[in-house]
Amino acid sequence: MPDIDAAAAPRDEDDPFIDWHSDARGIMDSFANDMAYRAIAGTQVVLLRRALAALPESLPVAAVDECFRAHVDACAAASSDPGTVEVFVGFLLDRVMLRAVPTGGYALTSIGRGFLQHMEEHQLPERPL
């Protein structure tokens, strides 16, 4: 196979599909973050922020339990069912914002970090509870 002259080689800026793919990915990420924002509780956002502050370490289970207790208290004040800690954390695990670590804690993922960044960039108000 002959070598392609560097001047004639394809470049990223020549490929319209690369820009399209990047744009589509950004739109999809923004949509996913907007949908998560509509469903997330403010106490879960607090948990994500605590996980961010803990980086590069994981968040210990005790810190998750503390956030869940605050969630239960907020739900009691609002006469709302707090659910269980499994549902509280499961929402974040299902959306891959947190991941369980083998040592028994939770770590923030790039998706969780992107969600927090999305909230900040779009100046979204704090969520209730």
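Is glutamate 66 buried, partly exposed or exposed, and what is its relative accessibility? In this predicted model, glutamate 66 counts as partly exposed, at 43% relative accessibility, and the legends below begin with the whole chain before turning to the sheet and to the contacts between side chains.

**View 1. The overall fold of the predicted model comprises five helices and three strands.** Followed along the sequence, these elements succeed one another in the pattern α-α-β-α-α-β-β-α. Of the 129 residues in the protein, 29% are buried, and the accessible surface comes to about 8600 Å², with 57% of that area belonging to carbon and sulfur atoms. Among contacts with a separation of 6 or more, residues 24 or more positions apart account for 60%.

**View 2. The three strands form an open, antiparallel sheet in the order β1-β3-β2.** The edge positions are taken by β1 (59-60) and β2 (98-101), each of which pairs on one side only. Strands of a sheet pair through backbone hydrogen bonds, in either a parallel or an antiparallel sense. Here β1 and β3 (residues 105-108) are joined in the antiparallel sense over two bridges, and leucine 59 stands opposite tyrosine 106 of β3.

**View 3. The hairpin of β2 and β3 has three residues between its strands.** The two strands run antiparallel and are joined by four bridges, with valine 101 standing opposite glycine 105 in β3. Glycine 104, in this hairpin, takes a positive phi near 95°.

**View 4. A salt bridge within helix α1 joins the side chains of aspartate 29 and arginine 25.** Side chains of opposite charge can pair when their charged atoms come close, and a search of the whole structure finds three salt bridges. In the pair shown here, the N to O distance is 3.2 Å. Both residues lie in helix α1 (residues 16-39), where they are four residues apart, about one turn of the helix. Aspartate 29 is partly exposed, its relative accessible area being 35%.

**View 5. Arginine 49 meets glutamate 126 in a salt bridge, with an N to O distance of 3.0 Å.** Because arginine 49 lies in helix α2 (residues 42-54) and glutamate 126 in the segment after α5 (110-121), the pair ties together parts that are 77 residues apart in sequence. Arginine 49 counts as partly exposed, with a relative accessibility of 35%.

**View 6. Arginine 50 forms a salt bridge with glutamate 66, the closest N and O atoms being 3.2 Å apart.** Arginine 50 belongs to helix α2 and glutamate 66 to helix α3 (residues 61-77), so this pair ties together parts that are 16 residues apart in sequence. Arginine 50 is partly exposed, with a relative accessible area of 30%, and glutamate 66, the residue of the opening question, likewise counts as partly exposed, at 43% relative accessibility.

**View 7. Arginine 127 lies over the face of the ring of tyrosine 37.** The distance of arginine 127 from the ring centre of tyrosine 37 is 5.0 Å. As for pairs between aromatic rings, the structure holds one. Such a pair is described by the distance of the ring centres together with the angle of the planes.

Key: Residues numbered from 1 in each chain as written. Predicted model: local features only at pLDDT ≥ 70, side-chain atom pairs only at ≥ 80, totals over all residues. Heavy atoms only, no water. Pairing = 2+ DSSP bridges. Buried < 20%, exposed > 50% of the residue type's maximum accessible area, 1.4 Å probe, protein only. Contact = heavy atoms within 4.5 Å. Areas by Shrake-Rupley, 256 points an atom, 1.4 Å probe, with all protein chains shown as cover. Salt bridge = Lys/Arg side-chain N within 4 Å of Asp/Glu carboxyl O. Phe/Tyr/Trp six-rings, centres within 6.5 Å; stacked < 30°, edge-to-face > 60°. Lys NZ or Arg CZ within 6 Å of the ring centre and 35° of its normal.
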